[in-house]
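Me: Got a minute to go through this one with me? I'd like to talk about rings and charges, then the overall fold.

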Amino acid sequence: MGGGKGRLASSPVIAAISLIGVVYYITVFVFVDDLLGLSTSPGRLNACIFSWLAFMCLFSFFVAVLTDPGSVPPSFAPETEDPLKFGEPLKYCDKCSTYKPPRAHHCRVCRRCVLKMVGMIHLMLINNDHHCAWISNCVGYANYKAFILCVFHAAMASIYSMVVFFINILEEHHNFEGVYNKIFYVLFGSLVSLLSLALSTLLGWHIYLLTHNITTIEYRIAVRAMWLAKKSGQKHHHRFDLGVYKNLSMILGPNVLKWLWPTATGHLKDGTQFAISKAGDRPVSPNC
């Protein structure tokens, strides 16, 4: 949790919280109220559903911001008797002057190695060392679940808001006269549409990463391996891919009932060792 208060005070974090608040207020107290009425049962039901999505989005967001993504334990060192104990030769970080576990990468913003650093997609480019500005924190081993759940609930809430908005403007009783009225509808409609598209795309990408137990950084490296395997008539298999259910369980936890709760992370260990698939990173025959 170190530095959490400082991260909360950063401009991107404040902007994200403000955006959630604005979308929530307009969706519930303007469009849901206008469409169904908050004094009616359907209106209260829709308000409650959207309020829950907004609460879970905000809660997961705070957990992702405040949780340390994971640091290399001071006692971590390569095994002299079994150098491949971790499934691959350990790499040395010149900046930290120590060995780093598999899947750990150095972040220049955090100025340390982050366990299972996920990496981000920024302007459609995969960046090996990208500090997520929106949470003012890295996304790593300890806060990846919270980050995923934040994106999930944000995407669901944005789509929900967009549907309510478009159903609302299709109502015949609307009067679009007045410049400010038109500007309001255009701005909010554009906002929720863009948010829905961007967050749905981001969610789809991370669902792919989750189900394959691969990080953005590892995916960039694996692209060439997949191309080489395909060229030789073989199929590439990511070494950490254990199957969809096991991959999900490693991030979200063994208890399905707790998958959507961001602080249910008791299943996480020290983040220095990961189960490896029998196929490993070796190309395998398509018939296997």
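Me: Which ring does Arg103 lie over at 4.0 Å from the centre?
Reply: That's Phe240, and Arg103 sits over the face of the ring. Keep in mind that this is a predicted model.

Me: And what's the story with Arg103 and Phe274?
Reply: Arg103 also lies over the face of Phe274, with 4.9 Å to the ring centre.

Me: OK, on to ring-ring stuff. How many aromatic pairs does the structure hold?
Reply: There are 24 of them. Take Tyr24 and Phe29: their ring centres are 6.3 Å apart and the planes make 80 degrees, so that pair is edge-to-face, given that anything over 60 goes in that class.

Me: Are those two buried or exposed?
Reply: In between. Tyr24 has a relative accessible area of 26%, which makes it partly exposed, and Phe29 is partly exposed too, at 41%.

Me: How do Phe31 and Phe184 pair up, stacked or edge-to-face?
Reply: Stacked. The centres are 5.9 Å apart, with 10 degrees between the planes.

Me: Where in the chain do Phe31 and Phe184 lie?
Reply: Phe31 is in helix α2, residues 11-35, and Phe184 is in helix α5, residues 179-212. The pair therefore ties together parts that are 153 residues apart in sequence.

Me: What about burial for Phe31?
Reply: Phe31 is buried, with just 1% relative accessible area, and the cut-off for buried is under 20%. Phe184 comes out at 28%, so that one is partly exposed.

Me: Which residues are in the cluster with Phe31 and Phe184?
Reply: Ring pairs link those two with Phe165, Phe166, Tyr185 and Phe188.

Me: Changing topic: what's the order of helices and strands?
Reply: Starting at the N terminus, the run is α-α-α-β-β-β-β-β-β-α-α-α-α. That's seven helices and six strands in the chain.

Me: And what share of the residues is buried?
Reply: 42% of the 288 residues count as buried.

Me: How much surface does the chain expose, and what do carbon and sulfur supply?
Reply: About 16000 Å² is exposed, and carbon and sulfur atoms supply 65% of that area.

Me: Last one. What percentage of the contacts join residues at least 24 apart?
Reply: 66%, taken among contacts between residues at least 6 apart in sequence. The stacked Phe31 and Phe184 pair, spanning 153 residues, is a good place to start looking in the viewer.

Technical notes. Residues are numbered from 1 along each chain as its sequence is written. This is a predicted model: local features need pLDDT of at least 70, side-chain atom pairs count only at pLDDT 80 or more; totals for chains, interfaces and linings use all residues. Side-chain values use heavy atoms; hydrogens and water are left out. Helices (H or I, at least four residues) and strands (E, at least two) are DSSP runs, numbered from the N terminus. Buried means under 20% relative accessible area, exposed over 50%, partly exposed in between (1.4 Å probe, protein chains only). Contact means heavy atoms within 4.5 Å. Accessible areas come from the Shrake-Rupley method with a 1.4 Å probe; for residues, only the protein chains shown count as cover. Rings of Phe, Tyr and Trp (its six-membered ring) pair if their centres lie within 6.5 Å; planes under 30 degrees apart count as stacked, over 60 as edge-to-face and the rest as tilted. A charge sits over a ring if NZ of Lys or CZ of Arg is within 6 Å of the ring centre and within 35 degrees of the ring normal.
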